[in-house]
Structure formats: C-alpha cells, structure tokens
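User: I'm new to this structure and would like a close look at a single part of it. Could you pick one helix and walk me through what surrounds it?

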Amino acid sequence: MTALTDSEEDESDEEERAEEQTQDGLSVLLDRIDRLRQGSESDKRESLNILLEQTDEFGQKSEFLWRLTRAYCDVHDVSITQEEKKTYAENGNLLPVL
C-alpha cells in the first residue's frame, strides 16, 4: 500500500468538499421545489422553470430527475390547451433515464 502525498490528500479533500457542497445545494433546491409543488398553478410552473435552469448542474442526479419529471406532469395537468399539454408531455418524455 502506498501513502498519499500531501497534494493527493489535498485534492481528495477538495473533491469531498465539492461533493458535499453539491449535495447541500441539491437538498436546498429539492426542498424548495417540494414546497412550490404544494402551491398554486404559477408555483408549479415556477418549479419547472427553476429545475430547467439547474439541469446542467444536477441533471445526472436521480432525485433531481424525479422532481423534473413530476414538474412536467404537474404543469401538463394545470395546462388548459391541448397544444400546451402536448408540448409538456413531449418535453417530459425526452428526459434521460438513469
């Protein structure tokens, strides 16, 4: 077994801190989204927009993708026109599967 050098230990510590910050940021985001989901039609639309803005950062996390899928369903359900419902259904169907 080889010992880690100081620079390797520093890199490992930095990676751990970055992952913790990402997880903390994701938790805060998901809590906010869950609260918005309980609100009005405009809150549900806002939650979808917030999630779409965060896709680059969290788009590979299953918890995030679940909320994004659910947000598409919620906005689909509150939409009035068939065309709008179709758009949300199609866009939600394009989400990646983990």
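Analyst: The protein chain has five helices and zero strands, so reading along the sequence you simply get α-α-α-α-α. Keep in mind that this is a predicted model. Of the 98 residues in the chain, 27% are buried. The accessible surface comes to about 7,000 Å², and carbon and sulfur atoms hold 47% of that. As for how the chain meets itself, take the contacts with a separation of 6 or more: 53% of them join residues 24 or more positions apart.

Let's zoom in on helix α4, which covers residues 62–78, and go through some of its residues one at a time.

Start with R67, which sits in α4. Is R67 buried or exposed? Its relative accessibility is 15%, and because buried means under 20%, R67 counts as buried. What does its side chain do in there? The R67 side chain makes a polar contact with the side chain of D34, at 2.8 Å. D34 also turns up in the wider list of what R67 touches: once you leave aside neighbours within four places in sequence, R67 is in contact with L30, I33, D34 and L51.

Hold on to L51, since another α4 residue meets it too. A71 is also found in helix α4, and at 4% relative accessibility it counts as buried. Again leaving aside neighbours within four places in sequence, A71 is in contact with S47, L48 and L51. There's a spacing to go with that: A71 and N49 are 22 residues apart in sequence, while their C-alpha atoms are 9.1 Å apart in space.

Those contacts of A71 lead straight to α2, the helix at 41–53. It has 13 residues and reaches 19 Å from its first C-alpha to its last, close to the 18 Å expected at 1.5 Å a residue. Which of its residues are buried? They are K44, S47, L48, I50 and L51. These buried residues cover an arc of only 165 degrees around the axis, which puts them on the same side of α2. Put the two lists together and you can see the link: S47, L48 and L51 are buried in α2, and A71 of α4 is in contact with them.

Just past α2 comes Q54, in the loop between α2 and α3, where α3 is 55–58. With 24% relative accessibility, Q54 counts as partly exposed. Apart from neighbours within four places in sequence, Q54 is in contact with L29, G59 and F64. The C-alpha atoms of Q54 and L68 are separated by 10.0 Å, with their positions 14 residues apart along the chain.

F64 is worth a stop of its own, as it brings us to the aromatic rings. How many aromatic pairs does a search of the whole structure find? It finds two. One of them joins F58 and F64: the pair is tilted, with 6.2 Å centre to centre and 40 degrees between the planes. F58 counts as buried at 3% relative accessibility, and F64 counts as buried at 0%. The other pair is Y72 and Y88, also tilted, with 6.5 Å centre to centre and 55 degrees between the planes. Y72 lies in helix α4 and Y88 in helix α5, so this pair ties together parts that are 16 residues apart in sequence. Both of these tyrosines, Y72 and Y88, are buried.

That takes us across to α5, residues 82–93. This helix has 12 residues and reaches 16 Å from its first C-alpha to its last, close to the 16 Å expected at 1.5 Å a residue. Its buried residues are K85, Y88 and G92. Why do they line one face of the helix? Looking down the axis of α5, the buried residues fall within an arc of 65 degrees, so they end up along one face. On the other side of α5, Q82, E83 and N93 are exposed. And what do the buried residues of α5 pack against? They pack against α2 and α4.

So, back to α4 with the pieces in place. R67 reaches D34 through a polar contact, A71 is in contact with S47, L48 and L51, and Y72 pairs with Y88 of α5.

Definitions and conventions: Residues are numbered from 1 along each chain as its sequence is written. This is a predicted model: local features need pLDDT of at least 70, side-chain atom pairs count only at pLDDT 80 or more; totals for chains, interfaces and linings use all residues. Side-chain values use heavy atoms; hydrogens and water are left out. Helices (H or I, at least four residues) and strands (E, at least two) are DSSP runs, numbered from the N terminus. Buried means under 20% relative accessible area, exposed over 50%, partly exposed in between (1.4 Å probe, protein chains only). Contact means heavy atoms within 4.5 Å. Accessible areas come from the Shrake-Rupley method with a 1.4 Å probe; for residues, only the protein chains shown count as cover. A polar contact is a pair of N or O atoms within 3.5 Å; within protein, one must be able to donate a hydrogen and the other to accept it, and residues adjacent in sequence count only if both atoms are side-chain atoms. The expected span of a helix is 1.5 Å times one less than its number of residues. The arc is that of the directions from the helix axis to the C-beta atoms. Rings of Phe, Tyr and Trp (its six-membered ring) pair if their centres lie within 6.5 Å; planes under 30 degrees apart count as stacked, over 60 as edge-to-face and the rest as tilted.
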